[in-house]
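The following paragraphs lead the reader through the packing and the charged pairs of a single model. Please keep the sequence and the coordinates in view while reading.

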Amino acid sequence: MEQLSLFTMETGTARTYTPLASRLRPQTLEEYVGQTHLLGNGKMLRRLIDNDQISSMIFWGPPGVGKTTLARILAGKTKADFVDFSAVTSGIKEIKEVMSRAESSRHMGIRTVLFVDEIHRFNKAQQDAFLPYVEKGSIILIGATTENPSFEINAALLSRCRVFVLKALEEEDLVLMLKRALKHPLGYGNERVDITAEQLHVIARFANGDARTALNTLETVVLNGEMSAEKITVTDESLSQCITRRSLLYDKNGEEHYNMISALHKSMRNSDPDAAVYWLCRMLDGGEEPLYIARRLIRFASEDVGMADPQALPLAVAAYQACHFNGMPECDVNLTQAVVYLSMAPKSNALYVACEQAKKDVRELPAAPVPLQIRNAPTKLMADLDYGKGYQYAHDTEEKLTKMTCLPDALAERTYYQPTTQGKEAAVAARLAEIKAWKQNE
């Protein structure tokens with residue numbers, strides 16, 4: 001007869017296994033690890049819990065930081081009915097059924113805490129279905145999301161909820177949790193597991209702030225440890241095999257996508273090639289399309305370097321072509337070259353400022369007609385209407401300059417492009433100053 005392990009449960013003929021992370025889910029705030037900025041003595045969320053003043057709220061944070069666990073603890077502290085609701089498997093019909101039961105409970109003086117995991121997956125209509133019940137107090141809504149609530153939660157619903165940001169767990173928090181798992185009777189407290197402090201830190205670093213990943217990894221390395229009659233020994237070799245690749249937080253379609261590209265852009269702008277290369281590799285490791293990164297570099301070359309180094313733009317375009325020719329993984333070094341070049345190039349945003357100022361005038365001012373002197377006159381009628389009258393051909397002059405104005409009269413005094421003295425733009429600034437002086441003094 002097959003022997004059942006300690007954590008294998010048998011019901012009829014079916015056997016189920018409960019993962020370590022589920023067995024060790026904290027039941028009280030004292031067992032809960034991390035989020036001291038919210039749950040420390042005197043902190044806002046801790047005060048709300050202690051005073052039993054829980055209201056609807058959104059927990060926003062990366063995976064595995066304890067959003068669901070915290071919601072369950074809150075429900076226990078408020079002595080309310082707890083309803084676990086999944087945005088992945090539920091629709092409006094299920095929402096209305098739960099709301100109906102919550103309304104009945106309210107009339108009997110029983111509060112209902114409705115926890116909605118991955119609330120960002122609900123569409124607008126589904127989110128709107130919660131509104132009247134949140135407003136009446138039929139439910140205390142606790143939503144959990146890994147996405148920015150500002151973008152993913154309806155404004156009407158969001159305005160009725162407090163948003164609490166949960167942070168990735170620190171390495172020491174995860175080590176503390178792993179040590180607890182080794183001693184807890186629902187963990188490995190009844191077994192002797194030989195694992196070093198350094199190995200625990202390796203697991204914690206691998207987990208990257210995710211408690212679930214840390215505990216699942218510990219479980220894997222223990223199961224793959226060397227077993228003897230006395231103990232289970234975790235070797236460095238088996239540990240390395242269990243953590244061959246860390247899954248870094250990166251969502252190509254979510255907020256983290258924009259956070260990463262912002263980090264890359266701002267690192268280059270700050271002339272920090274080390275940080276820029278790091279963020280580039282984070283994006284590539286997360287599966288970002290290299291051509292997307294290359295397009296952003298092309299934009300950066302004009303927006304942040306511009307005329308300070310006119311070679312920045314053709315180099316960025318060349319990097320795009322290299323990505324197209326090579327693809328991943330070979331194009332990573334092409335992108336690295338472009339990122340380092342742009343980081344070290346002299347910086348000027350004069351082109352960007354000029355473009356934005358001109359666009360502002362185009363949007364806000366009346367559409368001024370093209371001055372007659374710079375209009376073409378391909379027909380006699382146009383010539384009779386003075387199209388092209390007063391046009392001065394710059395190549396006919398010794399200086400290759402004229403005093404002819406090309407802006408509309410209403411914008412004659414506008415200056416959009418104001419070159420800096422950075423890099424090669426210093427020569428451009430000097431040349432422009434000469435041109436303006438000649439036009440004013442001739």
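A nonpolar core is understood here as a set of buried Ala, Val, Leu, Ile, Met, Phe, Trp, Tyr and Cys residues joined through side-chain atoms within 4.5 Å. The model under discussion is predicted. By this definition, its largest nonpolar core comprises 29 residues. Ile195, Leu215 and Leu218 have the most contacts inside this core. At least two core residues come from each of helix H1 (20–23), helix H10 (171–183), helix H11 (197–207) and helix H12 (211–223).

Leucine 218 offers a convenient point of entry. When its neighbours within four places in sequence are set aside, leucine 218 is in contact with Leu20, Leu178, Ala181, Leu182, Tyr188, Ile195 and Ile203. A second core, separate from the one just described, has 26 residues, among them Ala276, Ile293, Ala294 and Ala301.

Attention now turns to the charged side chains. Across the whole structure, a search finds 16 salt bridges. One of these joins lysine 231 to aspartate 194, with 3.2 Å between the closest N and O atoms. Lysine 231 lies in the loop between strand E9 (226–227) and strand E10 (232–233), whereas aspartate 194 belongs to strand E8 (residues 193–194), so the pair ties together parts that are 37 residues apart in sequence. How accessible are the two partners? Lysine 231 has a relative accessibility of 25% and therefore counts as partly exposed; aspartate 194, at 32%, is also partly exposed.

A further salt bridge is formed by the side chains of aspartate 304 and arginine 269, at an N to O distance of 2.6 Å. This pair likewise links distant parts of the chain, since aspartate 304 is in helix H16 (residues 290–305) and arginine 269 is in helix H14 (residues 255–269), 35 residues apart. With a relative accessible area of 5%, aspartate 304 is buried, while arginine 269 is partly exposed at 37%.

Helix H16 also contains a salt bridge of its own, between arginine 299 and glutamate 303. The N to O distance of this pair is 2.7 Å. Because arginine 299 and glutamate 303 are four residues apart in helix H16, about one helical turn separates them. Glutamate 303 has a relative accessible area of 13%, below the 20% limit, and is therefore buried. Arginine 299, by contrast, is partly exposed, with a relative accessible area of 40%.

These two pairs belong together: Arg269, Arg299, Glu303 and Asp304 are linked in a network of salt bridges.

Technical notes:
Residues numbered from 1 in each chain as written. Predicted model: local features only at pLDDT ≥ 70, side-chain atom pairs only at ≥ 80, totals over all residues. Heavy atoms only, no water. Buried < 20%, exposed > 50% of the residue type's maximum accessible area, 1.4 Å probe, protein only. Contact = heavy atoms within 4.5 Å. Salt bridge = Lys/Arg side-chain N within 4 Å of Asp/Glu carboxyl O.
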